[in-house]
Amino acid sequence: MTNDKREVFISVDVETAGPIPGEFSMLSIGACLVEDPAVTFECQLKPINDNADQAALEVTGLSLERLSETGLEPRAAMTSFGAWVREAVDGATPVFVGFNAPFDWSFINYYFHRFTGHNPFGFTALDIKALWMGVSGGSWADTRSSRIAEEVKPKLRGDHDALHDAKYQAELFRLTLALRGRHHEVG
């Protein structure tokens, strides 16, 4: 039995101050519609504490001190993101798509629940790495974005800017789905 409700895939990427939500802050969110990556959401957030993994900050170039002054309050950021999701899907079911989705979704889920009481994506996420593993028949080691890019030849590249990475992920997802169709036709 299938669900007849329309689904809208949303590519989401976050940049954080460390590996787990609550102990470390989510610093930026980038999102786009998979089928129309020009429809975007982007924001930077005030940190919820001073905890930071210096390597995480170095990769993104983000500063807790600067974001304490310029970032959105987390409640305002999540309220705005939730409103964007609802408007973007226009009554359809939003499906969170991420590259290493468990990581990004864990921060989004924590922040939505802590600051708004509700996650519009629900309790699941679609992981591009797992999809790739299923489509390609490869190993977990083959799910690095660089390995996937060798196969599907995306035009975009990731750079640890949340919106750029969300758009890159959306392209990887579209290309992987197209490859999945070819694999099913052949096999």
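## A tour from the pocket to the core

Start by selecting Asp13, Glu15, Phe99, His160 and Asp165: of the 22 residues that line the largest pocket, these lie nearest its centre. You are looking at a predicted model, so keep that in mind as you go. The pocket has a volume of about 570 Å³. Now colour strand S1, helix H1 (54-60), H4 and helix H7 (162-186), since these are the elements that give two or more residues to the lining. If you colour the lining by class instead, you should find eight nonpolar, eight polar and six charged residues.

**Next stop: strand S1**

Select residues 7-16, which make up S1. Is this strand mostly out in the open or enclosed? Eight of its ten residues are buried, so S1 is largely enclosed by the rest of the structure.

Show its partners now. With strand S4 (residues 93-98), S1 runs parallel, and five bridges join the two. Click on Val8 and look across to Pro94 in S4, which stands opposite. With S2, the pairing is antiparallel and covers seven bridges. Pick Ser11 here, and you will find Cys32 as its bridge partner in S2.

**Into the core**

In soluble globular proteins, nonpolar side chains tend to be buried together. To see an example, select Ile10, Ile29, Met78, Phe81 and Ile108, the residues that touch the most other members of the 27-residue largest nonpolar core. Strands S1, S2 (26-33) and S3 (40-44) each give two or more residues to this core, as do helices H3 (74-89) and H4 (101-115). Which element gives the largest share? That is H4, with seven residues.

Before moving on, find another core of 17 residues, lying apart from this one; Phe99, Trp132, Val152 and Leu179 are among its members.

Come back to Ile10 and show what surrounds it. Beyond its close neighbours in sequence, Ile10 is in contact with several residues, including Ala31, Cys32, Leu33, Trp84, Pro94, Phe96 and Phe121.

**Last stop: Trp84**

Follow that contact to Trp84, which is found in helix H3. Is Trp84 buried or exposed? Its relative accessible area is 14%, and buried means under 20%, so Trp84 is buried. Leaving aside neighbours within four places in sequence, Trp84 is in contact with Ile10, Ala31, Cys32, Leu33, Val39, Thr40 and Phe41. Finish by drawing a distance line from Trp84 to Thr40: they are 44 residues apart in sequence, and 8.6 Å apart in space from C-alpha to C-alpha.

Notes: Residues are numbered from 1 along each chain as its sequence is written. This is a predicted model: local features need pLDDT of at least 70, side-chain atom pairs count only at pLDDT 80 or more; totals for chains, interfaces and linings use all residues. Side-chain values use heavy atoms; hydrogens and water are left out. A nonpolar core is a set of buried Ala, Val, Leu, Ile, Met, Phe, Trp, Tyr and Cys residues joined through side-chain atoms within 4.5 Å. Buried means under 20% relative accessible area, exposed over 50%, partly exposed in between (1.4 Å probe, protein chains only). Helices (H or I, at least four residues) and strands (E, at least two) are DSSP runs, numbered from the N terminus. Contact means heavy atoms within 4.5 Å. On a 1 Å grid over the protein atoms alone, a cavity is a set of points where a 1.4 Å probe fits but cannot get out, and a pocket is an open set with protein on both sides within 12 Å along at least five of seven lines; lining residues have an atom within 4 Å of a point. Grid points are joined across faces, edges and corners, and a volume is the space filled by probe spheres set on the points. Ala, Val, Leu, Ile, Met, Phe, Trp, Tyr, Cys and Pro count as nonpolar, Asp, Glu, Lys and Arg as charged, and the others, Gly among them, as polar. Two strands pair if DSSP finds at least two bridges between them.
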